Amino acid sequence: MSERSIIVRDGLLVCMLALTSCQTVQTTQPGAVGVERQQSMLLSSSQVDKSAAQAYRQEMKKAAVKNALNRDAAQVARVRVIALRLIPGTAAFRPDAPRWAWETNVITSNDVNAWCMPGGKMAVYSGLIEKLKVTDDELAAVMGHEIAHALREHGRERASRAAAQGMALSIGGALLGLGDSSVQLAQIITDVTINLPNSREHEVEADRIGVELAARAGYDPRAAVTLWQKMGQVGGSAPPQFLSTHPSPQNRQKDLTDYAARVMPLYESTRKR
Ligand SMILES: [Zn+2]
């Protein structure tokens with residue numbers, strides 16, 4: 001089955017299993033990079049964002065218990081400055097996003113990882129910053145990519161799919177608001193954000209939107225290419241967790257190079273200001 005027909009089939013599955021409440025939406029405007037795709041959503045944004053906030057609190061609490069939350073003030077400041085520069089550019093994709101309740105924290109961990117939950121709840125791991133010796137431009141590339149997943153509501157899309165599949169197993173009803181479902185949904189959000197691999201389709205969208213967000217914030221969008229090269233080089237036989245949750249097709253480098261070139265005028269215009 002072609003990739004396209006699998007996408008159509010999954011979209012239909014989501015809708016068929018939820019005849020009354022399914023929505024087809026475009027979560028974002030296309031931007032300069034032209035990302036456009038209809039998305040099938042079974043769960044509402046408010047439902048998902050609420051559970052994501054709950055899941056995020058849990059993750060931060062787990063880190064705090066291990067004394068691994070925001071331990072290095074300079075690192076935290078660096079990451080938050082980059083987040084603050086990236087966030088205004090999200091308006092190019094969705095006008096509501098700059099007003100989201102964004103949060104950015106740094107977790108001390110050897111893992112090379114970063115993620116952003118639905119609604120803008122972000123974490124960057126010290127292992128990514130230190131092992132890759134990232135430049136600010138590269139850090140902006142990672143964070144732009146993760147923010148893009150949140151803008152496109154990939155977490156909501158994947159949780160919707162999980163809920164639709166769960167309906168066959170009768171847990172879907174709970175997720176649709178028929179019971180005490182928020183704990184279950186928070187677990188699904190954690191899994192799809194941190195533990196399970198993203199689809200290639202979601203990765204391509206996040207890559208393209210990510211380079212535009214970096215460029216609009218005045219970070220060199222070409223840093224996305226060197227970032228993913230570095231990512232591929234660390235770890236030797238044990239690839240970073242980030243790569244296991246982010247399938248890395250061979251043509252990723254070419255796509256990033258092409259799209260970074262496309263948004264260079266946006267980057268250059270920020271430098272003339
Ligand atoms: Zn990703």
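**A walk through the fold, its zinc site and its largest cavity**

The protein's secondary structure consists of 13 helices and five strands, taken as DSSP runs of at least four residues (H or I) for helices and at least two (E) for strands, numbered from the N terminus. This is a predicted model, in which local features need pLDDT of at least 70 and side-chain atom pairs count only at pLDDT 80 or more, while totals for chains, interfaces and linings use all residues. Residues are numbered from 1 along each chain as its sequence is written, and side-chain values use heavy atoms, leaving out hydrogens and water.

Of the 273 residues in the protein, 52% are buried, meaning under 20% relative accessible area (1.4 Å probe, protein chains only).

Now let us visit the zinc ion. Its protein donors are His145 (NE2), His149 (NE2), Glu203 (OE), Glu203 (OE) and His246 (NE2), at 2.0 to 2.8 Å from the ion; donors here are N, O and S atoms within 2.8 Å of the metal. Along the chain, the donors follow the spacing H-x3-H-x53-E-x42-H. Glutamate 203 sits in helix H9 (residues 200-216) and histidine 246 in the loop between helix H11 (241-244) and helix H12 (252-262), so this pair, 43 residues apart, links distant parts of the chain. Both glutamate 203 and histidine 246 are buried.

Next comes the empty space inside. The largest cavity is lined by 13 residues, with Cys116, His149, Gly155, Val192 and Thr193 nearest its centre. Strand S4 (114-117), helix H5 (136-151), helix H6 (154-168) and helix H8 (182-195) each give two or more residues to this lining. On a 1 Å grid over the protein atoms alone, a cavity is a set of points where a 1.4 Å probe fits but cannot get out, and lining residues have an atom within 4 Å of a point.

Key. Buried < 20%, exposed > 50% of the residue type's maximum accessible area, 1.4 Å probe, protein only. 1 Å grid on protein atoms, 1.4 Å probe; cavity = no way out; pocket = protein on both sides within 12 Å on 5 of 7 lines; lining within 4 Å. Donors = N, O, S within 2.8 Å, 3.2 Å for Na, K, Ca; no water.
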